[in-house]
Amino acid sequence: MSGPSAPSANVRRPSLKRELLFNLALLTAAALSLAVATALVAQLLQPRYAVVVLTALIVGDLLVLFLFGRYLVERLVLKPMGALTDVADELAAGNLHRRAPPAETEEFTQLADRFNRMTERLLDAQGQLVRAEKMASIGHLAAGIAHEVGNPLSAIGTYVDVLRQRGTDPEVLVAIGDETARIDRIVRGLLAYARPRDDDVGAVDVGSVIRNVHELLSRQGNLKGVDVVVSIEEGLPTVRGRAHLLEQVVVNLLLNAVDAAQGGRVGAGAARWRYRERSEGERRRTDPKPGDVPDRLSPTRPWRPELAEGTRGVLLFVADSGPGVRQPDRERIFDPFYTTKEPGRGTGLGLAIVQRIVYELGGLVWVDDAREGGAAFKIFLPEAE
C-alpha cells in the first residue's frame, strides 16, 4: 500500500504565521491600490457612470479579497487539518501503516510529526503489553512442559545406561544420548525462561561482566577461530541488575556471534549512553529512505514507557561479521523457539531468555546492522540510582 510521505526534519518550511501575515499584507496592499485606482478612474468619468463603475469595482475588490482569503485558509489550514483527520480515521479503522504527511508550513509539519510519534508510541506500548502477556503465558506453559518432560527424560537416561551395560550397539546408544541431551538442553532452556527471579537486584559493573565472560569462554575454547575484540569505555556507571543474569545474557550473545561469524570478527563492549529515539544520524543502509513510509518510524529500536528520553545508562553491544539478521526476522528473533539457524543447531530459546532477563532488569534489547557487516545486538540498561 502506498501512502503519504513521512515528515522530514531536514526540510525547512515557512511559518504559518509568517505566511498568513505576508499574504494578507499583500492582499491589503492590492486592495488599497485598487481603491486608489478606482477613485482616480471615477474622477475621469461622468457622474452618471461614476456610481456604477465605482460600485462594480468595490464589489470586484470584495470578491477578490474573499476568494483569496478562502484560498489561503484552505491551503494553509483546512488542507493539513483534513489530512490529519483522514489519517486519524484510517488509524481508528485499524490501518496502522498510515502516517500523517508533511504540510507546507512548519507548525502543521511539527504537528504531523508529533502525531506520527504518538502513533508509534501507542503501537509500541501495545506491543509491550502483548509481549509481556505472551512472556507470562509462555513462562507458565514452559514450566509445566519442563516439569512433565523432565521425569521421563531421566527415565530414558537410566534405560540408556542399562542398554549400554547389556552391550547394545554403541552407535544406537550414541544417537539416543545425543537426542536425549538435546531434549535436556531444551528443558533447561524452558526452565531458565520460566524461572522467576526472586534474588535481590543490585549495582552491577557491566565492564567486569563482559571481561569475565570473555575470559571464561576463551579458557573453554569457545572463541577459537574468531577474532574477538573487547572494547569497554573507562569509568562506566553501574547498572541496576543481577551479575549472574547479565553473564548469562553476554554468554548467549557471544556464542551466537561466534557461530554467526564463522571465523570472522566479533566485537563486544559497553559505553555510556543516553536513551533516545533513533536519530537521522543513526540511519543504516537497510533503514527506509527519507520520504518513504516505514511500518515503524523506529524499525529496530523498541520503546519502553518507563524510560524517559535522555535516561542515562550503559549500552552493551555484541556485533559480528556474519550474514546479519534480515529485516522481516527482527520482530520475531526474540520469540521463543524462533530461530534462523539450520534445524538441529539451535533451540530458539537463547535470545528469548536474553530478552526476558533484560526486560526484567528494566532495559531494552534490539538488533541492528553491525558496521562489521553482520548483526549487532544492543542492550540498554539504566544507570543504578
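Here is a walk through a predicted model, starting with its sheet and then moving to the helices and the turns around it.

Let's begin with the sheet. Five strands, or 5 in the count, make up an open sheet, and reading across it you meet them in the order β2-β4-β5-β7-β6, with mixed pairing. At the edges sit β2 (227-232) and β6 (364-369), each of which pairs on one side only. As you step from one strand to the next, the twist averages 20°.

Now look at two neighbours inside that order. Strand β4 covers residues 265-274 and strand β5 covers residues 312-320, and they pair in the antiparallel sense over 9 bridges. If you want a spot to find by eye, try Trp273, which stands opposite Gly313 in β5.

Two helices pack on this sheet. Helix α5, residues 206-220, touches β2, β4 and β5, and its direction makes about 160° with that of β2. Helix α6, residues 243-261, touches β4, β5 and β7 (375-382), and its direction makes about 30° with that of β5.

Stay with α6 for a moment. How far apart should its ends be? Counting 1.5 Å a residue, its 19 residues should span 27 Å, and the end C-alpha atoms are 26 Å apart, so the two values agree. Which of its residues are buried? They are Leu245, Leu246, Val249, Val250, Leu253, Leu254, Ala257, Val258 and Ala261. The spacing in that list is worth a look, because an α-helix has 3.6 residues a turn and residues three or four places apart point the same way.

Right after α6 comes Gln262, in the loop that leads from α6 to β4. Its phi is positive, about 50°, although Gln262 is not a glycine. Is Gln262 buried or exposed? With a relative accessible area of 59%, Gln262 is exposed, because the cut-off for that word is over 50%.

Finally, go back to the sheet and out to β6. This strand is an edge strand, yet 6 of its 6 residues are buried, so β6 is largely enclosed by the rest of the structure. Its partner is β7: the two run antiparallel and are joined by 6 bridges. Here the residue pair to look for is Trp366, standing opposite Lys378 in β7. Together β6 and β7 form a hairpin, with 5 residues between them. In the turn you will find Gly373, which has a positive phi of about 110°.

Technical notes: Residues are numbered from 1 along each chain as its sequence is written. This is a predicted model: local features need pLDDT of at least 70, side-chain atom pairs count only at pLDDT 80 or more; totals for chains, interfaces and linings use all residues. Side-chain values use heavy atoms; hydrogens and water are left out. Two strands pair if DSSP finds at least two bridges between them. Helices (H or I, at least four residues) and strands (E, at least two) are DSSP runs, numbered from the N terminus. Axes are lines fitted to C-alpha atoms, for helices over the stretch in contact, and angles run from 0 to 180 degrees between N-to-C directions. Contact means heavy atoms within 4.5 Å. Buried means under 20% relative accessible area, exposed over 50%, partly exposed in between (1.4 Å probe, protein chains only). The expected span of a helix is 1.5 Å times one less than its number of residues.
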